[in-house]
Amino acid sequence: METPSPSLVLDRETKASERPGDHKDELRLWLRLLTCSTLIETEIRNRLREEFKTTLPRFDLMAQLEKSTTGMTVGEVSQRLMVSNGNVTAVVAGLLADGLVDKRAAAQDRRVQVLTLTAQGRKAFKAMAERHEGWIAELFAGLDPTETTQLFRLLGRTKTSLHAAIAQRANGDKA
């Protein structure tokens, strides 16, 4: 196991590596995945705040709306982002106030509100998305293309394994 640099921030994985005999490989893998995810997310949050004066939830919501040609309801956005309607409503309020999102009643049910990006919102999101793509590339620049492909493939297998384990547990709980 690699020895963490003293200059690294103490994280979950580093704590576990201090006593590797106390932790199984699967736990250490989970901690490494969590640490990597947290490092990337924190850096993206910082860059969005510094460069665009925005938040990751606002960026994520705008990304969902950008993909839709007809708009989305609050419920659809919350489902895609895997957050509550209340969380989406709070983010939407800020985006509405900034003129980045528009809200209108759905034609089929006037009680349902449909969200769309405004022209200003599409322009702002395009600028953020271009920078975001560059930041991600920069963060993964230490991997060569073969390593990136291998990691992507292995994480795909990991995702499949997770879905199978969760389904097995769910099916076992119903028996």
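1. Which helix gives the most to the lining of the largest pocket? That helix is H2, with 13 residues, helices here being DSSP runs of H or I of at least four residues, numbered from the N terminus. This is a predicted model, in which local features need pLDDT of at least 70 and side-chain atom pairs count only at pLDDT 80 or more, while totals for chains, interfaces and linings use all residues. Residues are numbered from 1 along each chain as its sequence is written, and side-chain values use heavy atoms, with hydrogens and water left out.

2. The largest pocket (an open set of points on a 1 Å grid over the protein atoms alone where a 1.4 Å probe fits, with protein on both sides within 12 Å along at least five of seven lines) has a volume of about 1500 Å³, taken as the space filled by probe spheres set on the points. Its lining counts 39 residues, among which Leu33, Cys36, Ser37, Ile40 and Phe140 lie nearest the centre, a lining residue having an atom within 4 Å of a point.

3. Because domain 1 (24-141) and domain 2 (143-175) both contribute residues to this lining, the largest pocket lies between them.

4. A nonpolar surface patch of about 720 Å² includes Leu33 and Phe140, together with Leu143, which is placed in the loop between H6 and H7. Patch residues have over 30% relative accessible area (Shrake-Rupley, 1.4 Å probe) and no salt bridge, with nonpolar side chains joined within 5 Å. H2 supplies the largest share of the patch, 4 residues.

5. The structure holds 8 salt bridges, each a side-chain nitrogen of Lys or Arg within 4 Å of a carboxyl oxygen of Asp or Glu. One of them pairs Glu41 with Arg45, whose closest N and O atoms are 2.6 Å apart.

Key: Helix = DSSP H or I, 4+ residues; strand = E, 2+ residues; numbered from the N terminus. Domains from an automatic or database assignment. Patch = residues over 30% accessible without salt bridge, like charges linked within 9 Å, V, L, I, M, F, W, Y side chains within 5 Å.
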